[in-house]
Number of protein chains: 2
Amino acid sequence: MSETASGRRIRGVLAPVLTPFHADLSPDASRLARYCRWLLGHGCAALVPFGTTSEANSLSVDEREGLLDAILESGVPADRLLPGTGACALTDAVRLTAHAVRRGCAGALMLPPFYFKAVSEDGFFRFFAEVIQRVGDARLRLYLYHFPPVAHVGFSAKLVERLLQAYPRTVVGMKDSSGDLAHTKSMLEAFAAVGFDVFVGSERFLLAGMRAGGAGCISATANVNAGAIDRLYQAWRTPEAEKLQAEVDGVRTAVEKLPLIPAAKAIVAHHAADPGWATVRPPFVDLTAAQRDALLADLAALKFAMPGLRS
Amino acid sequence: MSETASGRRIRGVLAPVLTPFHADLSPDASRLARYCRWLLGHGCAALVPFGTTSEANSLSVDEREGLLDAILESGVPADRLLPGTGACALTDAVRLTAHAVRRGCAGALMLPPFYFKAVSEDGFFRFFAEVIQRVGDARLRLYLYHFPPVAHVGFSAKLVERLLQAYPRTVVGMKDSSGDLAHTKSMLEAFAAVGFDVFVGSERFLLAGMRAGGAGCISATANVNAGAIDRLYQAWRTPEAEKLQAEVDGVRTAVEKLPLIPAAKAIVAHHAADPGWATVRPPFVDLTAAQRDALLADLAALKFAMPGLRS
């Protein structure tokens, strides 16, 4: 079950792509498409539009479909896209996932339905089984998005096992954003042998994750630092690895002092010389000028750069 | 600010109306419309379609709009409807709320955007301010849905105060599903004097809530026991009140032994002699036959009935 239709699996550094907005808070498809191309040219092996950092859950289903179409039409290759297609409503999850498959995307990353908290393993299994069967397409490659700190619900080992047994060609991996390396290792020990790819949810765990058999990382800060994170990914077996890990950790530490999404957008806005890029949808708020200036100063001290972002 | 356009406020017992599904899990508008009429004739002062118990967050925006239209077209009066219109996405919340206002609904009950957890008070304020301004209709009456046990985010006293100051004619009440009577009392002490109506989220707190100045209750179990809960509501100042409270508590205790939504649907299915009524969308699962039989036996022992539900 370890091969996709094309025989290749996505590995490496992926960004849950920031979603730029116009001043009226509508999504800006052309800024997004340009930025996707920049990320693919600067360290990202593939992209996750509509991850948590994309403010995906602040977008309607129509907005998500429209943006995916726009990216594809701008020339971003579908086989380097792994859009987030999770939703609380079965009908929304089916619609988004079917759309991603129809458009030829390499896979889909799915949050569990995250509103109800006291849900049984049977209930989550039933949800994913319904999605897979209703999408009904052998091309679907599903990555499970495990993110208990925000979603508050997640995937137990037993649930992953049931899904792998029922849908061995469809369920192919996980983004593990638990922030718990022991959890990542337990997933790899249990399921890597059958070709289940585990991406860590922060580059902080990239080296340890690769040493445990991981497939890479899908990280918020890959939006601004994918080049350096990819250098670590490429060199993880070398003597340089610890030093490269420390370098990416330094940038992560600077960004994490502030709310990640507004902070990452402020960094892009600065390095693209495009102040509108900083706009976030509520319930987020923009950084204050003082927060932004301190963040940019911290990064400048680390000689941080985003080469070629300014158009 | 205590008067709506029509000069009347909804008070009493409200059901967050269960959503019936066809066997293929699509919503069943005609079963829903019949059931709404039954509830209004059997204890409910008004109805909350698309509350938590309605599995609203398991429905798409299109499904929610279509069901509201169907209920209204079946003759359920708009001035007895207070639909849930909350959503994680600003655009969805605006669309659902604008639709409810345009259709003449008495109000709208809004969850905060519930995906992101580390959100500032400013962010929540900004979200609600954007919804109110984008709906842009003086008829809007907004009830805040405070439900930390499930949504994990809620309304601080400071946030309620800011919203009341900014939108005194629009923000008119709260459903307090904290399960914490001290919280309900604190909201009433702070805001009842300016006409802010607080509904408790379970009939367990109805008598205590009314004694503290509350407006009634919006409760999952009002779907099956609104008649008895309304008798308590009507008699809360009388010597009978404690006994009536104990009676409704007995039914609530029986139902709460099981997951509330599948349990309430199983009860309706039995008393309507309509087995399909029990269907739930994933991530919920139907009760087992053993669970259902035990529940119905518990209720029979309490002489529980739903008169006139069988069509």
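Reader: Which residue lies over the face of Phe125(A)?

Author: This is a predicted model, in which local features need pLDDT of at least 70, side-chain atom pairs count only at pLDDT 80 or more, and totals for chains, interfaces and linings use all residues, while side-chain values use heavy atoms and leave out hydrogens and water. Residues are numbered from 1 along each chain as its sequence is written, and chains are lettered from A and ligands numbered from 1 in the order in which they are written. A charge sits over a ring if NZ of Lys or CZ of Arg is within 6 Å of the ring centre and within 35 degrees of the ring normal. At 4.3 Å from the ring centre, the residue over the face of Phe125(A) is Arg162(A).

Reader: In chain B, how far is the charged end of Arg162(B) from the centre of the ring of Phe125(B)?

Author: In chain B the charged end of Arg162(B) sits over the ring of Phe125(B). Its distance from the ring centre is 4.3 Å.

Reader: What kind of aromatic pair do Phe127(A) and Phe128(A) form?

Author: Rings of Phe, Tyr and Trp (its six-membered ring) pair if their centres lie within 6.5 Å, and planes under 30 degrees apart count as stacked, over 60 as edge-to-face and the rest as tilted. A search of the whole structure finds 21 aromatic pairs over all chains. In one of them, Phe127(A) and Phe128(A) lie 5.7 Å apart, centre to centre, with 75° between the planes, so by the cut-offs the pair is edge-to-face.

Reader: Are Phe127(A) and Phe128(A) buried or exposed?

Author: The relative accessible area decides this (1.4 Å probe, protein chains only): under 20% is buried, over 50% is exposed, and in between is partly exposed. By that rule, both Phe127(A) and Phe128(A) are buried.

Reader: What relation do chain A and chain B have?

Author: The copies are superposed by least squares on the C-alpha atoms of residues with pLDDT of at least 70 in both. A rotation of 180° with 0.0 Å of shift along its axis superposes chain B on chain A, with an RMSD of 0.0 Å. That is therefore the relation of a two-fold axis.

Reader: Which strands of chain A stand at the edges of the sheet?

Author: Strands (E, at least two residues) are DSSP runs numbered from the N terminus, and two strands pair if DSSP finds at least two bridges between them. In chain A, seven strands form an open sheet with parallel pairing, in the order S2-S1-S7-S6-S5-S4-S3. Each edge strand has a single partner strand, so one side of each is left without a neighbour in the sheet, and these strands are S2 (46–49) and S3 (108–110).

Terms used:
Helices (H or I, at least four residues) and strands (E, at least two) are DSSP runs, numbered from the N terminus.
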